[in-house]
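Q: Please take me on a close look at one part of this model and what surrounds it. I'm a first-year student, so plain words would help.

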Amino acid sequence: MTLRGIPTPRLERSFTLRVDLGEPIEMGVGRAGQRRIIPIVGGAALGPEIEGEVLNLGADWQTVFPDGTAQLDTRYAIKTTDGAIIEVVNVGTRHGPTEAMERLANGEDVPPSQYYMRTAARLETGDAGYRWVNHMIFVCAGVRRASSVEITYFKVL
């Protein structure tokens, strides 16, 4: 049953990022699981609404639970082709069958149909041309590659 007047959200593709990753820094086992920091060392914003480069700063601060589920907690920045700086804070999860998670951990390309990688992102900027991102909710679907992540950002309308 739906209530009258409550809109049904819909998704619209905003942009895709290719995020290049450095070597993981293993922290050891923390309170909840294996902790690691994965440096973000570059990449590209591929449009259509945001195009530019992923800056060589930021990281994904992960917790990997005993069942192989990775809690993703990233912070990085995009410099658009017209010079705006956009901060990205992205949190979510990646999980799947043990075999698929082990293959990802070994740097193999695993078809995205074999695991789940979804996030929710908050973007922020002071640039007037991109101020709309400050007021938008984004949900994302991603793919883990050997040394990068490809993630598409969808605006929730």
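Strand 3 and its surroundings

A: Let's start with the empty space: the structure holds 1 cavity of 30 Å³ or more. Keep in mind as we go that this is a predicted model. How do you find a gap like that in the first place? Rolling a probe the size of a water molecule over the atoms shows where empty space is left.

About 180 Å³ of space lies in the largest cavity. Its lining is made of 16 residues, and those nearest the centre are Asp60, Thr74, Tyr76, Met117 and Val149. Strand 3 is among the elements that give two or more residues to this lining, and so are strand 1 (11-21), strand 5, strand 6 (70-80), strand 7 (85-95), strand 8 (116-124) and strand 10 (148-156). Strand 6 provides the largest share, with 3 residues. Sort the lining residues by type and you get 9 nonpolar, 4 polar and 3 charged.

Now for the part I'd like to zoom in on, strand 3, which covers residues 34-48. Let's look at what comes before it. Strand 2 (residues 25-29) pairs with strand 3 through 4 bridges, and the two run antiparallel. Between them sits a hairpin of 4 residues. For a pair you can find in the 3D view, try Val29, whose bridge partner in strand 3 is Gln34.

A little further along strand 3 you reach Arg36. Its side chain makes a polar contact of 3.2 Å with the side chain of Glu26. Setting aside residues up to four places away in sequence, Arg36 touches Pro24, Ile25, Glu26 and Met27, and also Asp60, Trp61, Gln62 and Val64. You've already met Asp60 as one of the residues nearest the centre of the largest cavity.

Arg36 also leads us to another space, the largest pocket, with a volume of about 430 Å³. Of the 20 residues that line this pocket, Arg36 is one of the closest to the centre, together with Arg94, Leu104, Ala105 and Arg144. Strand 3, strand 5 and helix 1 (98-105) each give two or more residues to the lining. Helix 1 gives the most, 3 residues. By type, the lining of the pocket divides into 9 nonpolar, 6 polar and 5 charged residues.

Gln62, one of the residues that Arg36 touches, deserves a visit too. You'll find Gln62 in strand 5 (residues 59-64). Is Gln62 buried or exposed? Its relative accessibility is 2%, so Gln62 counts as buried; the cut-off for that label is under 20%. If you leave out its neighbours within four places in sequence, Gln62 is in contact with Gln34, Arg35, Arg36 and Ile38, and with Ala70, Gln71, Leu72 and Arg94. Arg94 turned up a moment ago, close to the centre of the largest pocket.

Back to strand 3, this time at its far end. Pro48 belongs to strand 3, and the peptide bond from Gly47 to Pro48 is cis, with omega near 10°. As background, most peptide bonds are trans.

What follows strand 3? A hairpin of 2 residues leads from strand 3 into strand 4. Strand 4 (residues 51-54) runs antiparallel to strand 3, and 3 bridges join them. Look for Ala45, which stands opposite Gly52 in strand 4. Strand 4 is also joined to strand 6 by 3 bridges, again antiparallel. There, Val54 stands opposite Ile78.

One last stop is Glu49, in the loop between strand 3 and strand 4. Unlike the buried Gln62, Glu49 counts as partly exposed because its relative accessibility is 30%. Its side chain makes two polar contacts worth finding: one of 2.5 Å with the side chain of Ser14, and one of 2.8 Å with the side chain of Lys155. Not counting residues up to four places away in sequence, Glu49 touches Glu12, Ser14, Tyr130, Trp132 and Lys155. For a sense of how the chain folds back, check Glu49 and Thr16: they're 33 residues apart in sequence and 9.3 Å apart in space, C-alpha to C-alpha.

Methods:
Residues are numbered from 1 along each chain as its sequence is written. This is a predicted model: local features need pLDDT of at least 70, side-chain atom pairs count only at pLDDT 80 or more; totals for chains, interfaces and linings use all residues. Side-chain values use heavy atoms; hydrogens and water are left out. Buried means under 20% relative accessible area, exposed over 50%, partly exposed in between (1.4 Å probe, protein chains only). Contact means heavy atoms within 4.5 Å. On a 1 Å grid over the protein atoms alone, a cavity is a set of points where a 1.4 Å probe fits but cannot get out, and a pocket is an open set with protein on both sides within 12 Å along at least five of seven lines; lining residues have an atom within 4 Å of a point. Grid points are joined across faces, edges and corners, and a volume is the space filled by probe spheres set on the points. Ala, Val, Leu, Ile, Met, Phe, Trp, Tyr, Cys and Pro count as nonpolar, Asp, Glu, Lys and Arg as charged, and the others, Gly among them, as polar. Two strands pair if DSSP finds at least two bridges between them. A polar contact is a pair of N or O atoms within 3.5 Å; within protein, one must be able to donate a hydrogen and the other to accept it, and residues adjacent in sequence count only if both atoms are side-chain atoms.
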